[in-house]
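The following note collects points on the architecture and packing of the model under review. Please read it alongside the coordinates.

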Amino acid sequence: MPAVFTHEFNTPVYKGKVSFNTGLFINGQFVDGSDGTTIDVVNPTNGAVVTSVSEGTPRDVDLAVDAAEKAFETTWGLNCPGSKRGLLLNKLAAIVEEHTEELAALEALDNGKAFNMARTGDLALSIECIRYYAGWADKITGRVLETGEDKFNYTRHEPIGVVGQIIPWNFPLLMFVWKIAPALATGNTIVIKPSEFTPLTAIRMCHLVQEAGFPAGVLNVVTGYGNTVGHAISSHMRIHKVAFTGSTLVGRKVMEAAAKSNLKNITLELGGKSPNIIFNDADLEQAVNWAAFGIYFNHGQCCCAGSRIFVQEEIYDEFLKRFTEKSRSIKIGDPFASDTSQGPQVSQIQYDRIMGYIESGKNQGAKVHVGGERHGSEGYFIQPTIFLDSSPDMRIVQEEIFGPVSVVIKFKDEEDVVRQANDTMYGLAAAVFTRDVSRAITTAHKLKAGTLWVNCYNQLNSNVPFGGFKQSGIGRELGEYALSNYTEVKAVHVNLGKKR
């Protein structure tokens, strides 16, 4: 029998008790992994083990696929009308809303993000996303195509079937919802792997999915490692679509496995090195505030983080002065403190990776203007860090750091900054700050990125697509665009009397 995780929260921002099964969720039941092994879940504020969850194996992925196939052929897919799928998704959204504070507390516990940020950000967006796709569930339609009076042609948008999904640790619940909501709305069944670092909200969501009344086998969660469970999903011959969010390096491996197995459909939302461009006519106070939000949000562990901050030379000194003050004012500490803005990085591995980039910046000749050191004596806390005097070939300018580390770069004019901004293998997001609407739109159109913000940063909505150019991914999450990730288009030709 899988273990039960019980924890009493007694914090300034949340008081409550959680108790739930931590097994794999296959065919509507919580079960141990086939090998009977477990994975420790660590609290990043102090490195202590919080609990252990069942470790899945490729054999467990097979069992999950069996359950998903059976559900697709009997109780879900085309056997369950869109109106009913929408009702179940809306019910799930209502249940998640009832458990908002509990889920936010779990996010803070194993991810380290500030509870208040999880509650007002991650949970609010997750609930919105489920409701958005609930509305789409009975609106998945094809088209009638005019070809002549002797033939009737139409298209159907049918669910793919069993889909595999692999999600990261930076937004555990939100990424879980971004994946499952459009897949369920379009009638697919799911085998999903959460990150081994942050599995708690995914497991807890299984209980809520049960409560909402989804049939057994529609959603299956297999916790495990990327090189075992993740690879098994990516290469499985009976999974016909895989959606992955994570690093570009791992995204290549997912794509390779998908191609070498059954050439499965893929959606990849990958890394970024996003430019944030601040022109000399920008509202400086707002530009500083948004720039700080752009890089320090979620402790810099954000694929679209504005880590390359380009500032026009006329305002560079004043911007740097204000941005320095803002960075030093960021409150680092316990995720359950009411005034915490930045908690720890998610793991020792991620902490070491970020500190390695900081050392690389120093060794390659960049100047640490602010931060660059550990914060405190325990846990995985890193000071907000600003680098100056960088060059385009430095690793801190070219590579995704995924931490609270920015590079502030001076530029001369629009041509100069567009050239520098596009000098990257990534193309996930970018931002432009200016009071000149024409300049904003012109610059936005020249930047090679999937999301452009003007006079803001990190603003996402469930009905607006999100995804990248170049090596930042393939396909789009969110909005109507995401529905195409989970449907196959079938063209039907009906002869109305044509003779041969």
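1. Buried here denotes under 20% relative accessible area, exposed over 50%, and partly exposed the range in between (1.4 Å probe, protein chains only). The model is predicted: local features need pLDDT of at least 70, side-chain atom pairs count only at pLDDT 80 or more, and totals for chains, interfaces and linings use all residues. Residues are numbered from 1 along each chain as its sequence is written, and side-chain values use heavy atoms, with hydrogens and water left out.

2. Cysteines. With a disulfide defined as a pair of cysteine sulfur atoms within 2.5 Å, the count is zero. Cysteine 206 is therefore unpaired, the nearest cysteine sulfur, that of cysteine 129, being 17 Å away; cysteine 206 is also buried, at a relative accessible area of 1%. The sulfur of cysteine 303 lies 4.7 Å from that of cysteine 304, its closest cysteine sulfur, which is too far for a bond. Cysteine 303 is likewise buried, at 12% relative accessibility.

3. Seven-stranded sheet. Strands (E, at least two residues) and helices (H or I, at least four) are DSSP runs, numbered from the N terminus; two strands pair if DSSP finds at least two bridges between them. One open sheet has mixed pairing and the order β16-β17-β18-β15-β14-β19-β20. Because β16 (367-370) and β20 (451-454) each have a single partner strand, one side of each is left without a neighbour in the sheet. The twist averages 25° from one strand to the next.

4. Within this sheet, β15 (residues 308-312) and β18 (residues 405-411) run parallel and are joined by five bridges. Glutamine 312 has phenylalanine 411 of β18 as its bridge partner. Helix α10 (residues 316-328) lies across β14 (275-278), β15, β16, β17 (385-388) and β18, and runs at about 170° to β18.

5. Three-stranded sheet. A further open sheet is antiparallel, in the order β7-β8-β22. Its edge strands, β7 (144-145) and β22 (487-495), each pair on one side only. Nine bridges join β8 (residues 151-159) to β22; one partner pair is asparagine 153 and, in β22, histidine 493.

6. Cores. A nonpolar core is a set of buried Ala, Val, Leu, Ile, Met, Phe, Trp, Tyr and Cys residues joined through side-chain atoms within 4.5 Å. The largest has 108 residues, of which Phe214, Ile278, Phe319 and Phe323 touch the most other members. Helix α5 (residues 172-185) contributes the largest share, eleven residues. A second, separate core of 27 residues includes Tyr357, Ile396, Ala430 and Val432.

Note on methods
Axes fitted to C-alpha atoms, helices over the stretch in contact; angles between N-to-C directions. Contact = heavy atoms within 4.5 Å.
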